[in-house]
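Work through the exercises below with the model open. Each task is followed by a stepwise solution.

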There are 2 protein chains.
Amino acid sequence: MGERLPEGTLVLAVDAGGTSCRTALVDFGGTCRGLGLAGSANPLATDDGDAAAAIVTSALGAVDMAGADPADVRLVLLAAAGGGHRPAFMQMISTSLGLRGVHAPVAMEADGLAAFCSGTHLGHGYVLVAGTGAVAHRVEGGRSIRSVDGLGWLLGDIGSGFWVGQRVVRAVLADLDGTGPSTGLTPLLVSAMGLQHLVDERDALNGRPRLVHEIGITSYSELPVRLARYASLVFAVPEDEVAREILDEAAAGLAVTLRAALADGAPGPVVVAGGLLTGAHGLRQRLERVLGDELPPEGLVPVVDGLVGSAVLALRRLGVDVDAAVFERLTHSVAACRG
Amino acid sequence: MGERLPEGTLVLAVDAGGTSCRTALVDFGGTCRGLGLAGSANPLATDDGDAAAAIVTSALGAVDMAGADPADVRLVLLAAAGGGHRPAFMQMISTSLGLRGVHAPVAMEADGLAAFCSGTHLGHGYVLVAGTGAVAHRVEGGRSIRSVDGLGWLLGDIGSGFWVGQRVVRAVLADLDGTGPSTGLTPLLVSAMGLQHLVDERDALNGRPRLVHEIGITSYSELPVRLARYASLVFAVPEDEVAREILDEAAAGLAVTLRAALADGAPGPVVVAGGLLTGAHGLRQRLERVLGDELPPEGLVPVVDGLVGSAVLALRRLGVDVDAAVFERLTHSVAACRG
């Protein structure tokens with residue numbers, strides 16, 4: 001892939017997400033030379049050991065694909081939920097990579113900042129992420145100087161995948177309980193949980209239908225954030241009133257979060273990331289309608305993930321000037337490696 | 001206390017709550033002869049061992065106060081969240097009590113049914129409990145034949161202590177985040193969490209004030225249901241608009257739950273229990289205004305807990321006819337033992 005480079009001029013840029021982990025091996029010119037993939041790498045959604053193993057697997061995959069010398073890697077940068085302050089976790093990754101010949105330091109940045117840097121080479125602007133969680137940042141001088149929401153499933157993440165998924169399950173239980181309207185979400189959730197055999201079951205447990213009981217057991221048997229997997233059901237019944245109300249509230253909630261980040265700030269691009277805002281289902285467009293003139297003329301700038309941004313942050317840490325040309329090269333070569 | 005009884009005519013009626021555990025030693029005539037108290041006995045809020053220990057402590061306390069012979073106890077009845085289906089837990093209690101001379105079988109009933117039976121000797125009617133959780137039951141033939149909500153903190157418990165407490169914390173975070181209105185709940189919560197020293201702290205962590213960060217850490221460091229402890233803050237600022245809105249929504253949510261239990265049912269008393277509905281702060285009256293004519297003329301019948309009802313259920317299991325006179329005696333003698 002291109003000209004021979006001077007030694008030690010590669011970075012491993014990791015986007016450690018909750019669903020999967022992606023790593024790009026990038027040179028100082030901004031060209032992606034290899035890409036590696038692995039499973040969930042969010043230590044909050046899995047355990048530290050599994051998350052570290054996914055990161056190492058994807059990093060070694062990228063080195064392999066490029067046919068590069070691991071000794072040429074100068075920095076490993078992890079873009080992960082929350083960013084920083086996890087020395088033991090980073091040490092685990094550093095040690096594993098060292099055993100495979102990658103002796104570079106390991107650094108961490110917040111995934112929201114990496115998402116922002118996936119959308120623009122500018123050092124200022126805004127980003128809204130709505131994946132499993134939801135958070136907005138105002139970026140100035142290449143740093144997040146204001147975070148809004150991102151408070152997790154118990155206290156915030158309004159309009160996130162968890163938030164929508166939780167509302168889906170609650171709406172179905174209200175339908176079955178007689179406390180809410182009938183909804184097309186009910187057969188979808190029952191089927192997603194594999195509980196169709198209980199639909200016509202007349203037997204009750206403590207005065208409650210078996211179906212209601214089992215939906216509860218299924219939901220409580222895993223980490224709360226796993227309810228995010230049911231979020232996509234709202235897009236499957238676009239005409240359903242209950243589903244539409246959930247989406248309207250999600251859009252309204254995300255608008256409030258983004259507005260607080262935008263308040264009194266300088267103009268700049270507004271990048272959006274995460275499955276809820278980048279899918280083909282129209283929630284981004286709904287949010288653009290809600291915000292209208294509050295957005296810059298180009299509207300919301302969607303990015304698929306924080307992989308390009310992780311590379312931008314890695315190169316900048318090593319003194320590379322990531323200008324429009326380098327950014328363009330990064331974006332295209334990462335896309336080419338994704339294939 | 002009164003005439004000498006035939007041997008083996010006592011029951012231990014336990015009300016195993018999340019905040020505390022109460023046990024009454026009751027004779028077949030319906031007279032409470034001793035009362036014991038201990039800490040949290042809800043295995044969902046603490047662990048099984050601690051919950052079992054609290055139950056045993058309170059039961060032995062009741063036997064002690066009465067100066068009774070433990071061998072005279074014929075049945076131990078636990079009124080606990082959810083009721084039934086916990087054989088290992090009940091075995092633990094049975095074994096511990098056996099070592100102290102109580103060789104009676106241990107049975108379990110749902111706390112909601114016990115609350116109902118604390119309010120009436122009739123076998124049919126309705127009960128709404130809003131403590132840490134929230135649930136309504138329709139009772140017929142002395143059994144719950146329909147349960148509404150009671151789905152726990154992740155999926156339901158609308159209008160419960162957890163639900164209100166979670167909204168209090170969210171409202172305070174929205175205030176501090178700039179995504180919601182300023183509220184008098186903020187200084188109250190900051191003080192309840194012991195975080196006053198951070199109010200004027202200008203330092204930010206990942207673009208977030210230290211105060212917001214620490215409220216998050218405090219909230220996530222315990223079981224979710226523990227947020228219920230902040231519910232009472234809404235009663236401390238009755239003029240605050242945010243607090244009033246939370247209470248209005250709680251009352252509306254509890255009305256929906258109770259209405260679903262009442263729907264198409266026969267007339268009967270409507271008993272209410274749990275801190276949110278029995279305190280002096282007026283939420284019960286607010287709920288009565290919301291429901292109006294849907295309630296029987298006597299309105300909502302408040303009970304302090306499920307202790308009397310646990311005794312009613314225990315006596316009925318042993319064939320005692322708990323009529324109006326026995327019920328009256330139970331109510332008064334339990335109150336007298338509470339002192």
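**Exercise 1. Count the salt bridges between chain A and chain B, then describe their interface.**

Solution.
- Step 1. The count between chain A and chain B is 0 salt bridges. A salt bridge here is a side-chain nitrogen of Lys or Arg within 4 Å of a carboxyl oxygen of Asp or Glu.
- Step 2. Set the ground rules. This is a predicted model, where local features need pLDDT of at least 70, side-chain atom pairs count only at pLDDT 80 or more, and totals for chains, interfaces and linings use all residues; side-chain values use heavy atoms, without hydrogens and water. Residues are numbered from 1 along each chain as its sequence is written, with chains lettered from A and ligands numbered from 1 in the order in which they are written.
- Step 3. Search for polar contacts (a pair of N or O atoms within 3.5 Å; within protein, one must be able to donate a hydrogen and the other to accept it, and residues adjacent in sequence count only if both atoms are side-chain atoms). Between chain A and chain B there are 22 such residue pairs, both residues at pLDDT 80 or more.
- Step 4. List contacts (heavy atoms within 4.5 Å). Chain A brings 37 residues and chain B brings 37.
- Step 5. Compute buried area (the accessible area, 1.4 Å probe, that two parts lose on being put together, summed over both). Chain A and chain B bury about 3,100 Å², with 54% of it on carbon and sulfur atoms. On the chain A side, L154(A), L155(A) and Y220(A) supply 24% of the area buried against chain B, more than any other three residues.

**Exercise 2. Describe how domain 1 and domain 2 of chain A meet.**

Solution.
- Step 1. Take the bounds from the automatic or database domain assignment. Domain 1 of chain A covers 10-119 + 305-338, and domain 2 covers 123-268.
- Step 2. Place the centres. Over C-alpha atoms, they lie 29 Å apart.
- Step 3. Count the contact residues: 7 from domain 1 of chain A and 12 from domain 2 of chain A.
- Step 4. Get the area. The two domains bury about 730 Å², and carbon and sulfur atoms give 69% of it.
- Step 5. Check the charges. The rule finds 1 salt bridge across this domain interface. 1 residue pair is in polar contact between the domains, both residues at pLDDT 80 or more.

**Exercise 3. Which residue classes line the largest cavity?**

Solution.
- Step 1. Sort the lining by class: 5 nonpolar, 2 polar and 3 charged residues.

Key: Ala, Val, Leu, Ile, Met, Phe, Trp, Tyr, Cys and Pro count as nonpolar, Asp, Glu, Lys and Arg as charged, and the others, Gly among them, as polar.
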